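Colleague: Please take a close look at the salt bridges in this model. Go pair by pair, then place them in the rest of the fold.

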Amino acid sequence: MSPVVAEEVTEADPFDAVVDTVGGDITLAAIRALKDGGTIASTAFVPEGANGDGRVRLVNVMSGDDHEMLQKLADAAGRGDLHLPIARTFPLEELGAAYDFLATRPEGKIVITR
């Protein structure tokens with residue numbers, strides 16, 4: 001499986017599901033790229049009325065703002081107590097290799113750099 005940018009998709013080859021992390025016009029393109037009854041999981045802003053006809057299932061996977069939790073995280077980071085394990089770093093040009101590495105289920109995050 002390889003990632004596809006919504007702007008590259010035609011309605012002639014619709015998808016069952018889409019993950020949208022961009023929002024706005026990309027969300028609209030992603031919805032057009034879905035089969036009737038397909039699902040879009042979005043972590044981004046979904047324009048009002050984007051799925052007005054209810055043709056697809058829209059799932060918002062954003063978490064709500066939690067000021068107290070964000071403050072605890074900021075405090076922990078400020079004290080140096082917040083540690084994120086990095087499994088490996090890849091340059092953007094090696095995104096395919098990063099995706100392959102992700103399939104090995106590494107312990108820690110994968111970081112993509114420019």
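Modeller: A salt bridge here is a side-chain nitrogen of Lys or Arg within 4 Å of a carboxyl oxygen of Asp or Glu. By that rule the structure holds four salt bridges. Keep in mind that this is a predicted model. The mean pLDDT of the protein chain is 84. Of its residues, 87% reach 70 or more.

Take the helical pair to begin. Lys72 and Glu68 meet through their side chains, at 3.6 Å from N to O. That distance falls within the 4 Å limit, so the pair counts. Both residues sit in helix α2. Four residues separate Lys72 from Glu68, about one turn of the helix. Exposed or partly exposed: which term fits each partner? Glu68 is exposed, because its relative accessibility is 52% and the cut-off for exposed is over 50%. Lys72 is at 49%, so it counts as partly exposed.

Next, a pair that involves two strands. Asp16 bridges to Lys35, with 3.1 Å between the closest N and O atoms. This salt bridge links distant parts of the chain. Asp16 belongs to strand β1, residues 15-20. Lys35 belongs to strand β2, residues 34-42. The two are 19 residues apart. Asp16 is exposed, at a relative accessible area of 53%. Lys35 is partly exposed, because its value is 36%.

Strand β2 also takes part in another salt bridge. The side chains of Arg55 and Asp36 come to 3.0 Å, N to O. Again, distant parts of the chain are linked. Arg55 lies in the loop between β2 and β3 (57-60), while Asp36 is in β2. Here too the partners are 19 residues apart. Asp36 is exposed, with a relative accessible area of 63%. Arg55 has 24% relative accessibility, so it is partly exposed. Buried would require under 20%.

Helix α2 offers a nonpolar surface feature as well. The helix runs over residues 67-79 and includes Met69. Met69 joins Leu70, Leu73 and Leu82 in a nonpolar patch on the surface. Together these side chains have about 350 Å² of accessible area. Met69 is partly exposed, at 43% relative accessibility. Patch members need over 30% relative accessible area, so Met69 qualifies on that count.

Now the wider fold. The protein chain contains three helices and five strands. Along the sequence, the order is β-α-β-β-α-β-α-β. Of its 114 residues, 21% are buried. Confidence is highest in strand β4, residues 86-91, at a mean of 94. Confidence is lowest in helix α1, residues 25-32, at a mean of 86.

Strand β4 also pairs with a neighbour. Five bridges join β4 to strand β5, residues 109-113. The two strands run parallel. Phe90 stands opposite Ile112 in β5. Together with helix α3, residues 95-102, strands β4 and β5 make a right-handed β-α-β unit.

Within this unit, Leu95 and Ile112 deserve a look. Leu95 lies in helix α3. Leu95 and Ile112 are 17 residues apart in sequence. In space, their C-alpha atoms are 7.4 Å apart. Leu95 is partly exposed, because its relative accessibility is 41%.

One backbone detail comes after the helix. Where is Arg105 found? Arg105 is in the loop between α3 and β5. Its phi is near 55°, a positive value in a residue other than glycine. Most residues other than glycine have a negative phi. Arg105 is exposed, with 73% relative accessibility.

Back to the request, in brief. The structure holds four salt bridges. Among them is Lys72 with Glu68, set within helix α2. Others include Asp16 with Lys35 and Arg55 with Asp36.

Methods. Residues numbered from 1 in each chain as written. Predicted model: local features only at pLDDT ≥ 70, side-chain atom pairs only at ≥ 80, totals over all residues. Heavy atoms only, no water. pLDDT = per-residue confidence, 0-100. Pairing = 2+ DSSP bridges. Right-handed = clockwise from strand over helix to strand, strands pointing away. Patch = residues over 30% accessible without salt bridge, like charges linked within 9 Å, V, L, I, M, F, W, Y side chains within 5 Å. Areas by Shrake-Rupley, 256 points an atom, 1.4 Å probe, with all protein chains shown as cover. Buried < 20%, exposed > 50% of the residue type's maximum accessible area, 1.4 Å probe, protein only.
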